[in-house]
Amino acid sequence: MTLIFFISAGADIRNAVYKGTVNGRGFDGVFRFGARKEKIQVDLFYEIFKIIEYKSFGITLNYVLMPDKKLTPLLGIELGMIQRPKHLYPSLAALGELDYHFGPFFIYIKGEIKVRPDINDKIKGSVYGGLGYKFN
């Protein structure tokens with residue numbers, strides 16, 4: 001299997017449709033750039049949620065369970081930083097993702113559980129969905 005690079009953009013579905021656990025309804029955008037080879041995927045991410053003055057960035061390491069299938073599950077761990085006004089906090093998350101590939105595109109849904117030290121070390125869950133493009 002060759003090395004494949006990708007970009008993707010998505011949003012926190014719960015925040016967009018309902019509301020979050022610490023906020024009202026709003027758009028929470030996530031942008032990723034990554035690479036996948038066989039059963040390993042690494043991506044860099046940037047997330048911005050303006051209504052609560054939240055930014056997050058970091059790296060995700062995923063294990064790809066079925067790399068050659070159209071419907072591909074992944075399990076991963078995310079190391080990141082949360083930026084709030086005048087403060088920067090480390091964060092850690094566990095995640096599961098399901099990608100559906102069609103040609104050079106893929107759609108994804110990702111669930112994550114994140115330690116949120118910016119809100120008194122609480123653990124919060126999120127569900128993201130988005131669209132990506134693969135470069136060969």
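Helices (H or I, at least four residues) and strands (E, at least two) are taken here as DSSP runs, numbered from the N terminus. This is a predicted model, so local features need pLDDT of at least 70 and side-chain atom pairs count only at pLDDT 80 or more, while totals for chains, interfaces and linings use all residues. Residues are numbered from 1 along each chain as its sequence is written, and side-chain values use heavy atoms, with hydrogens and water left out.

Let's start with strand β1, residues 4-12. Two strands pair if DSSP finds at least two bridges between them. β1 runs antiparallel to β2 (residues 29-37), and eight bridges join them; G10, for instance, has V30 in β2 as its bridge partner. β1 is also joined by eight bridges to β8 (residues 122-135), again antiparallel. There, F5 stands opposite F135.

F135 brings us to the aromatics. Rings of Phe, Tyr and Trp (its six-membered ring) pair if their centres lie within 6.5 Å; planes under 30 degrees apart are stacked, over 60 edge-to-face, and the rest tilted. Seven such pairs turn up in a search of the whole structure. Take F102 and F105: the ring centres are 6.2 Å apart and the planes sit at 25 degrees, so this pair is stacked. Y133 and F135, by contrast, have centres 5.0 Å apart and planes at 80 degrees, so they are edge-to-face. Ring pairs link these four residues and Y100 into a cluster.

How buried or exposed are those rings? Buried means under 20% relative accessible area, exposed over 50%, and partly exposed in between (1.4 Å probe, protein chains only). F102 is partly exposed at 33%, and F105 is partly exposed at 35%. Y133 comes out partly exposed at 32%, and F135 is partly exposed too, at 37%.

Two other rings have a charge for company. A charge sits over a ring if NZ of Lys or CZ of Arg is within 6 Å of the ring centre and within 35 degrees of the ring normal. R32 lies over the face of Y108, 4.3 Å from the ring centre, and the charged end of K110 sits over the ring of Y128, 5.0 Å from its centre.

K110 and Y128 show up again around an enclosed space. On a 1 Å grid over the protein atoms alone, a cavity is a set of points where a 1.4 Å probe fits but cannot get out, a pocket is an open set with protein on both sides within 12 Å along at least five of seven lines, and lining residues have an atom within 4 Å of a point. Grid points are joined across faces, edges and corners, and a volume is the space filled by probe spheres set on the points. There are two cavities of 30 Å³ or more, and the second largest has a volume of about 30 Å³. Its lining consists of V30, F45, E47, E78, K110, E112, K114 and Y128. The elements giving two or more residues to that lining are β3 (40-49) and β7 (105-116), with β7 supplying the largest share, three residues.

Finally, the largest pocket holds about 200 Å³ of space. Of its 18 lining residues, the closest to the centre are I4, R36, P67, H101 and K134. β1, β2 and β6 (87-102) each supply at least two residues of the lining, and the largest share, four residues, comes from β6.
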